[in-house]
Amino acid sequence: MTTENTELMSLVYRSTAAAPFRSTALDHLLAQCRSLNGDRDVTGMLLYRGERFIQVLEGPAEVVRRLARTIGTDPRHRDMRVLIEESIDERRFEDWTMGYRTLESEAADAPAGFRDSFADLEESDERSTTLRALAELTLWFRVRAAQSVKV
């Protein structure tokens, strides 16, 4: 596992599924991620909505960078864009080799002025907006994970 001399980093990216993912394909992807991430000391969160992925990866810096390069060439994804890459002192998702949630689109039925954190994270080029949206989605995820564990 992580040693004191290993720099921890967090990397957040968004990508588009090359083809729609069925529930069984997502289950297979998650099983694969969780197995490999456990072996690599990588933790994180994966969100999926409307053929879009947002993923947070945490772990030893070089391992996370290598994993991001691998994901970037995975034919199941396209248009991968790294949103945040930063050193961290502690993990946000230390208990999850890959926490997962499918998000339903709430924007269609939302009242005027509704802010969609998933869309903000996908679309914003401003670091402050990206960090705020990530914090909101992290909190949202933690609340739902506490209600029904699906890690």
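The predicted model contains 4 helices and 5 strands. Along the sequence, these elements are arranged in the order β-α-β-β-α-β-β-α-α. The protein comprises 151 residues, of which 46% are buried. Among contacts with a separation of 6 or more, 78% join residues that lie 24 or more positions apart.

Helix α1 consists of 18 residues, and the distance from its first C-alpha to its last is 25 Å, close to the 26 Å expected at 1.5 Å a residue. Its buried residues are Leu26, Leu29, Leu30, Cys33 and Asn37. These residues cover an arc of only 100° around the axis and are therefore placed on the same side of α1. On the face turned away from this buried side, α1 carries the exposed residues Thr24, His28 and Asp39.

The backbone adopts a positive phi of about 65° at Asp41, just after α1. Asp41 belongs to the loop between α1 and β2 (43-49), and its positive phi occurs in a residue other than glycine. With a relative accessible area of 13%, Asp41 is classed as buried, because the limit for that class is under 20%. A positive phi, near 70°, is also found at Glu51, again a residue other than glycine. Glu51 is located in the loop between β2 and β3. The relative accessible area of Glu51 is 32%, and this residue is partly exposed.

Helix α2 has 12 residues and spans 16 Å from its first C-alpha to its last, close to the 16 Å expected at 1.5 Å a residue. Ala61, Val64, Leu67, Ala68 and Ile71 are the buried residues of this helix. Viewed down the axis of α2, the buried residues fall within an arc of 130°, so they line one face of the helix. The elements that cover these buried residues include β1 (8-17), α1, β3 and β4 (77-88).

Arg65 is also situated in helix α2. This residue is partly exposed, and its relative accessible area is 30%. When residues up to four places away in sequence are not counted, Arg65 touches Met9 and Glu85. Met9 and Arg65 are 56 residues apart along the chain, and their C-alpha atoms are separated by 8.9 Å.

The largest pocket encloses about 260 Å³ of space. Its lining is formed by 16 residues, and those closest to the pocket centre are Cys33, Leu67, Ile71, Asp74 and Arg76. Two or more lining residues are given by each of α1 (23-40), β3 (52-60) and α2 (61-72). The largest share, 6 residues, is supplied by α1. By residue class, the lining of the largest pocket comprises 8 nonpolar, 5 polar and 3 charged residues.

Several residues close to the pocket centre also appear in the description of the helices. Cys33 is one of the buried residues of α1, and Leu67 and Ile71 are among the buried residues of α2. Cys33, Leu67 and Ile71 are likewise listed among the residues closest to the centre of the largest pocket.

Technical notes:
Residues numbered from 1 in each chain as written. Predicted model: local features only at pLDDT ≥ 70, side-chain atom pairs only at ≥ 80, totals over all residues. Heavy atoms only, no water. 1 Å grid on protein atoms, 1.4 Å probe; cavity = no way out; pocket = protein on both sides within 12 Å on 5 of 7 lines; lining within 4 Å. Points joined across faces, edges and corners; volume = space filled by probe spheres on them. Nonpolar A, V, L, I, M, F, W, Y, C, P; charged D, E, K, R; others polar. Expected span 1.5 Å × (residues − 1). Buried < 20%, exposed > 50% of the residue type's maximum accessible area, 1.4 Å probe, protein only. Arc of directions from axis to C-beta. Contact = heavy atoms within 4.5 Å.
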